[in-house]
Amino acid sequence: MSGRGLFGRIDWITIFLYALLVFIGWINIYSTSLVDPNLSIFDFSTLYGKQLFFIGLAALGIILVLFVESNFFERFASIFYIISILLLLGLFVFGKTIAGATSWYNLGFFNLQPSELAKVATALALAKFLSDIQTDIRTGKHQLFALAIVLLPALLILPQPDPGSALIYFSFFFVLFREGFPLYYLGILIFMVILFATTLMFGTVWVAIGLIILTILIYTFKKASVKIPVLPVTGVIVLSILFSLSVDFVYENVFEQRHRDRIALWLRLEKDENKLEEIRKTIGYNTYQSEKAIESGGFFGKGFLEGTRTKGDFVPEQHTDYIFSSVGEEWGFLGTVTVILLFSVFFLRLIHIAERQKSDFSRMYGYGVISILVFHYFINIGMVIGLLPTIGVPLPFFSYGGSGLIFFTMLLFIFLKLDSNRLKDGI
């Protein structure tokens, strides 16, 4: 035995980076929500006071995770997953609607969003299934089971409606591909996304014509030695056209008007200039103001508590999904680059930890953690700077919210606990 205690085995570099991100996030929440400077930072009637309370709950969660046996998480992964699915189902009966989405349970002092718990549970369940000695991800049966684990919670979240949270579950595909899932599934997924977007932009008729022309070009210019069977290609074209025909139904019946407006703005679908201007002033208003806030910060920023757009509430919900815009305005280009570098170092550290795991379960869970956090990060930043449509995805450890912070923290520290177990016996 190595004799090293838990605190000697824990990865303190990651904990330091985590604490720094949470602290910088809270500083920006304080800036965006400060109304009366005379109020205490511990005043729980304020957003920054509530966030301190959530940080305290997250700290209690850290203590709980670190003092539980590591094998507890693998042993009960299936139970956690089932509980999370039941909680998602319960939303259709007992859920509280906020901003048009029935995604929360009202616990009085705290609104619980079970989709955040489900991310942790799905990461655990997927890692347990993939690491099982009887699982062979190269077989169709096990591939379908793995897909079911990932897609079931997403399908329950989508009709809330919360397409942003549902989209995050596709991050688990990176875990699947890392562990040997056939890469052609990735090609199918990318092809479906492109097909969905092009159908919205040009319609099914033009999509069908484009597929036929592309097929003719492939057969015309392929080398004589390359054999491409006609029947499977024909099947792909037929399935693609059928998928394209379903796009309008999904777009009109699954997505709400606010989601359709955001996609329409992003893909430039609206041709009516008056309607387009109306969308920019309503649905696109947040992104427009966010871009202006970041742009106004210049290189060094306006200074802490000096952001005029932040103080003037120009960016709605700036303390949640658009928290990064306050960094840009008050801390400037220098501040945004610093935050991006911190996240980058943080992610690289997690990859390093995942790669050094001796346990398959720990490594696979670690990549699940990385996938979720990186997906959130890229979508949120892309949303704030206008590269992606607004879909309500928070920035990990930064954005205001109890469920997000607590379950992001639990997600991370379960991984750190598993990593500490690697060194328990001096491995």
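**Figure 1. Phe 397 in the loop between helix 18 and helix 19 (402-422).** Phe 397 is buried, with a relative accessible area of 3% (buried means under 20% relative accessible area, exposed over 50%, partly exposed in between, with a 1.4 Å probe and protein chains only). Its phi is near 70 degrees, a positive value in a residue other than glycine. Helices here are DSSP runs of H or I with at least four residues, and strands are runs of E with at least two, numbered from the N terminus. The model is predicted, so local features need pLDDT of at least 70 and side-chain atom pairs count only at pLDDT 80 or more, while totals for chains, interfaces and linings use all residues. Residues are numbered from 1 along each chain as its sequence is written, and side-chain values use heavy atoms, with hydrogens and water left out.

**Figure 2. Helix 17 (residues 323-355) and its kink.** Helix 17 has 33 residues, yet its end C-alpha atoms are only 32 Å apart. A straight helix would reach 48 Å at 1.5 Å a residue (the expected span is 1.5 Å times one less than the number of residues). A kink of about 130 degrees in helix 17 is centred on Trp 331 (the bend at a residue is the angle between axes fitted to the seven residues ending there and the seven starting there). Asp 321 is in the loop between helix 16 (308-311) and helix 17. At 18% relative accessibility, Asp 321 counts as buried. The C-alpha atoms of Asp 321 and Ser 399 are 6.2 Å apart in space, with the two positions 78 residues apart in sequence numbering.

**Figure 3. Helix 12 (residues 230-253), its span and its buried residues.** The 24 residues of helix 12 should span 34 Å at 1.5 Å a residue, and the end C-alpha atoms are 35 Å apart, which agrees. Helix 12 nevertheless has a kink of about 30 degrees, centred on Ser 246. Ile 237, Ser 240, Ser 244, Val 247 and Tyr 251 are buried in this helix. An α-helix has 3.6 residues a turn, so residues three or four places apart point the same way. Ser 244 also appears in a pair with Thr 204: the two are 40 residues apart along the chain, and their C-alpha atoms are separated by 5.7 Å. Thr 204 is in helix 11 (residues 204-221) and is buried, with a relative accessible area of 17%.

**Figure 4. The largest pocket and its lining.** About 1,600 Å³ of space lies in this pocket. On a 1 Å grid over the protein atoms alone, a pocket is an open set of points with protein on both sides within 12 Å along at least five of seven lines, whereas a cavity is a set where a 1.4 Å probe fits but cannot get out; lining residues have an atom within 4 Å of a point. Grid points are joined across faces, edges and corners, and a volume is the space filled by probe spheres set on the points. The lining has 41 residues, and Leu 167, Phe 170, Leu 189, Met 192 and Val 193 lie nearest the centre. By class, 36 are nonpolar, four polar and one charged (Ala, Val, Leu, Ile, Met, Phe, Trp, Tyr, Cys and Pro count as nonpolar, Asp, Glu, Lys and Arg as charged, and the others, Gly among them, as polar). Helix 10 gives the most, with 11 residues. Helices that each supply at least two lining residues include helix 7 (140-157), helix 12 and helix 18 (360-384).

**Figure 5. Side-chain contacts of Thr 32 and Ser 420 with backbone oxygens.** Thr 32, in helix 2 (residues 12-33), counts as buried at 11% relative accessibility. Its side chain reaches the backbone oxygen of Ile 29 at 3.0 Å (a polar contact is a pair of N or O atoms within 3.5 Å; within protein, one must be able to donate a hydrogen and the other to accept it, and residues adjacent in sequence count only if both atoms are side-chain atoms). Ser 420 lies in helix 19 and counts as buried at 0% relative accessibility. The side chain of Ser 420 reaches the backbone oxygen of Lys 417 at 2.6 Å.
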